[in-house]
Amino acid sequence: MNHRGGWALIKSTWLSWLQHRSFFFVLAFGWMIPPLIYLFVWSTAAGGQTIGGLTRGEFVAYYLALILVNQLTYAQTNWTVGDLIRVGSINTLLLRPLSPIYHTLSAEAAGKVVYMIFVLPVAALLALLLRPELELTWPNALAFIPALALAWALRFLWGYWLALLAFWAARADGLLALQDSLVFLLGGQVAPILLLPGLMQAAAVILPFRYMVGFPVEVLTGQLQGANLWLGFAWQTGWLLAALILFAVLWRLGLKHYKAVGG
């Protein structure tokens with residue numbers, strides 16, 4: 001791989017996206033709306049009581065953290081991979097002297113920087129107004145860093161291997177929409193995992209979607225300790241390895257299957 005050329009591509013894409021930041025601010029705001037709705041629903045329902053052991057302020061802290069984690073882990077670039085394959089634009093990327101993965105990673109890096117320019121001040125303002133209750137400890141803060149990094153890698157690679165199905169199916173992007181729906185239901189967005197009904201909670205623990213968003217938030221807010229924390233990391237790492245293998249296999253098989261005509 002040409003890593004030096006890849007880094008140059010990442011920097012140029014970042015600067016290009018900053019020129020159109022108002023458009024991406026609108027996108028970021030749209031992604032904030034569902035967690036904001038559930039923040040107000042759960043914090044209002046809690047009032048001066050507790051629900052599932054969570055106070056109003058703890059619901060506020062949970063959903064403010066979830067807003068940031070969701071923006072940092074959401075891989076919007078997966079939606080364009082299928083389009084590149086379907087219309088043949090991937091031909092240009094395959095001819096470059098660096099892996100096409102850099103094209104996607106450059107957009108990922110650019111997106112995260114531009115979205116955070118908008119999301120961080122908004123989240124800080126909401127924190128001032130809504131007064132979250134968060135007892136941040138060093139162990140939780142340190143555990144949050146790998147949990148967040150693994151969550152991004154899992155969400156990115158899981159969506160990428162789904163997008164690679166475009167080598168064989170014209171509308172593989174429907175699976176990305178299904179993934180987003182499952183992340184919404186089982187990833188801790190509708191409600192913290194501990195408040196889900198029995199079967200949904202069991203499914204959330206086993207399936208990969210919780211580990212793309214909800215798990216880092218639970219780590220940061222101190223909802224997981226001891227064995228439950230390590231078990232969560234084990235599930236997250238296992239699903240990430242599965243996603244990595246699926247990505248590598250489908251990429252190789254897809255390129256062998258792919259036939260391009262014209263330029």
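Visitor: What separates tryptophan 230 and phenylalanine 233 in helix H11?
Guide: This is a predicted model, in which local features need pLDDT of at least 70, side-chain atom pairs count only at pLDDT 80 or more, and totals for chains, interfaces and linings use all residues. Residues are numbered from 1 along each chain as its sequence is written, and side-chain values use heavy atoms, leaving out hydrogens and water. H11 is a helix (a DSSP run of H or I, at least four residues, numbered from the N terminus) spanning residues 226–257. The two residues are 3 apart in H11, so the separation is about one helical turn.

Visitor: Is phenylalanine 233 buried or exposed?
Guide: Buried means under 20% relative accessible area, exposed over 50%, and partly exposed in between, with a 1.4 Å probe and protein chains only. Tryptophan 230, at 65%, is exposed. Phenylalanine 233 has 12% relative accessibility, so it counts as buried.

Visitor: How many aromatic pairs are there?
Guide: Rings of Phe, Tyr and Trp (its six-membered ring) pair if their centres lie within 6.5 Å; planes under 30 degrees apart are stacked, over 60 edge-to-face, the rest tilted. The count by this rule is 18.

Visitor: How are the rings of phenylalanine 25 and phenylalanine 118 arranged?
Guide: Phenylalanine 25 belongs to helix H2 and phenylalanine 118 to helix H6, 93 residues apart. Their centres are 5.4 Å apart and the planes 25 degrees, so by the cut-off of under 30 degrees the pair is stacked.

Visitor: Which residues form a cluster through ring pairs?
Guide: The links are ring pairs, and they join four names into a cluster. These are Trp152, Phe156, Tyr160 and Phe247.
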